[in-house]
Amino acid sequence: MMKKFDKIQEKNPFKVPENYFDEVSRKIISATSGYIPEIKKESVYRRLKSYLAVAASIAGFVLISYITVKLFVPDKKINNLSDIDLIEVSDSWINDIDILTLEENAASLILFEQMPEVDKTDIIEYLLLENIDINDIYEQL
Amino acid sequence: MSNDHKADNDIHELLKSDANKGFSLIVGRYSTRLYWHIRRLVILHEDADDALQNTFMNAWRNIGNFRKESSIYTWLYTIATNEALIIINKRSKYSGTSLDDLAGYFANSKEGSMWFDGDEAQEIFQNAILQLPEKQRIVFNLKYFDEMTYEDMSKVLKTSVGALKASYHYAVKKIENIIMNS
């Protein structure tokens, strides 16, 4: 059956005015020459969006953890931690830890401390971009 | 990668260095085939002419957003198909002339016959295609006349390859039945 179709379609039955394709191409090219549409560059926010999302979720997690500890762990218990005798601790388990492991952990802590502190205004600016109410932001800060 | 995609690589490069020159190359390469794609959908030359010019103006306005990883070929066919559908919808909304009526218009009016030069078999064939539902008609045309791959068609029509194959199969069956019964 498709062969029958092919036989029918050997000749294009539709007609177009003479020189139509030359003329229409000329018309389109002249209508589009002279100006170049603006090529949109990806904004800084768009490029950093995924990083900002990760940063925001970490910040959110820290905030929730902090609030949870504050709400559910009584203040007394937290304060009591400092009362634990240092000698008692060192006697119990800290002696078993390899000194090299301690050094490695300390190195990562030092690196963490060297990270630049994020300015408060930057955080506010970012949260505003995320359409978070200004009152909520100030409440949290 | 089909030949159409390979051939478009040079246009991608030219668009970056000289947008006007690159676009002229696009117009030269695609105006005729897009015209025929549109014409087979809208049928009338005047409508096809409008839709073709709208297609290129639309493409030019959005050339800045065009990404290298996309294909110029499928991008233009998507725009052209949309422009053709806009014209078809306008026609049925404002003038009350549907494509079914156009089949009669070609067969009977003097003006219609000016733009149709087919014999009886071609007239039956074109009328059979016009009786297909819109989406099936587009799939049939793209496969049968433009010889587009199902993968490219899937990008143009945002439909899965399986659904397009089924659509084409039903379209062929329907056309066969119409031709047999005429």
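Colleague: Looking at contacts in chain B between residues at least 6 apart in sequence, what share join residues at least 24 apart?

Modeller: That share is 62%. Keep in mind that this is a predicted model.

Colleague: Okay, noted. What's chain B built from, in terms of helices and strands?

Modeller: It has 10 helices and 0 strands. Reading from the N terminus, the order is α-α-α-α-α-α-α-α-α-α.

Colleague: And how many helices and strands are there in chain A?

Modeller: Chain A has 8 helices, with 0 strands. Its elements, from the N terminus on, go α-α-α-α-α-α-α-α.

Colleague: How much of each chain is buried?

Modeller: In chain B, 51% of the 182 residues count as buried. In chain A, which has 141 residues, the buried ones make up 11%.

Colleague: What about accessible surface?

Modeller: For chain A, about 12300 Å² is exposed, and carbon and sulfur atoms supply 60% of that. For chain B, the accessible surface is about 8600 Å², with 50% belonging to carbon and sulfur atoms.

Colleague: Let's talk about the two chains together. At what angle do H2 of chain A and H3 of chain B cross?

Modeller: They cross at roughly 35°, and their axes come within 10 Å. H2(A) covers residues 20–32, while H3(B) covers residues 45–61. The crossing is right-handed.

Colleague: Which residues make that contact?

Modeller: From H2(A), you've got Tyr20(A), Val24(A), Lys27(A), Ile28(A), Ala31(A) and Thr32(A). From H3(B), the partners are His45(B), Asp49(B), Leu52(B), Gln53(B), Phe56(B), Met57(B) and Trp60(B). Sorted by type, the residues of this contact give 8 nonpolar, 3 polar and 2 charged.

Colleague: Can we zoom in on Tyr20(A)? Is Tyr20(A) buried or exposed?

Modeller: Tyr20(A) sits in helix H2 of chain A. Its relative accessibility is 8%, so it counts as buried, the cut-off being under 20%.

Colleague: What does Tyr20(A) touch?

Modeller: If you skip residues up to four places away in sequence, Tyr20(A) touches Tyr35(B), His45(B), Asp49(B) and Leu52(B).

Colleague: While we're at H3 of chain B, where does Asp47(B) fit in?

Modeller: Asp47(B) is part of that helix, H3 of chain B. It is buried, with a relative accessible area of 11%.

Colleague: Which residues is Asp47(B) in contact with?

Modeller: Setting aside neighbours within four places in sequence, Asp47(B) is in contact with Val42(B), Ile87(B) and Arg91(B).

Colleague: New topic: helix pairs inside chain B. How do H7 and H10 pack?

Modeller: H7(B), residues 120–130, and H10(B), residues 161–181, pack at an angle of about 135° with their axes 9 Å apart. That angle makes H7(B) oblique to H10(B).

Colleague: Why oblique and not roughly antiparallel?

Modeller: Because roughly antiparallel needs an angle over 145 degrees, H7(B) counts as oblique to H10(B). As for handedness, H7(B) passes H10(B) in a right-handed crossing.

Colleague: Which residues meet there?

Modeller: On the H7(B) side, Ile124(B), Phe125(B), Ala128(B) and Ile129(B). On the H10(B) side, they meet Ile175(B), Ile178(B) and Ile179(B). The split for this contact is 7 nonpolar, no polar and no charged.

Colleague: What about H8 of chain B? How many of its residues are buried?

Modeller: H8(B), residues 134–144, is mostly covered, with 8 of its 11 residues buried. Among them are Arg137(B), Phe140(B) and Tyr144(B).

Colleague: Last thing: the backbone. What is phi for Ile43(B)?

Modeller: Ile43(B) has a positive phi of about 70°, although it isn't a glycine. You'll find Ile43(B) in the loop between H2 (19–42) and H3 of chain B. At 1% relative accessibility, Ile43(B) counts as buried.

Colleague: And Glu147(B), what's its phi?

Modeller: Glu147(B) has a phi near 50°, which is again a positive value in a residue other than glycine. Glu147(B) lies in the loop between H8 and H9 (150–157) of chain B.

Colleague: Is Glu147(B) buried or exposed?

Modeller: Glu147(B) is exposed, with a relative accessible area of 64%.

Conventions
Residues numbered from 1 in each chain as written. Chains lettered and ligands numbered in written order. Predicted model: local features only at pLDDT ≥ 70, side-chain atom pairs only at ≥ 80, totals over all residues. Heavy atoms only, no water. Axes fitted to C-alpha atoms, helices over the stretch in contact; angles between N-to-C directions. Helix = DSSP H or I, 4+ residues; strand = E, 2+ residues; numbered from the N terminus. Left-handed = near helix turned anticlockwise from the far one by under 90°. Contact = heavy atoms within 4.5 Å. Nonpolar A, V, L, I, M, F, W, Y, C, P; charged D, E, K, R; others polar. Buried < 20%, exposed > 50% of the residue type's maximum accessible area, 1.4 Å probe, protein only. Parallel < 35°, antiparallel > 145°, perpendicular 65-115°, else oblique. Areas by Shrake-Rupley, 256 points an atom, 1.4 Å probe, with all protein chains shown as cover.
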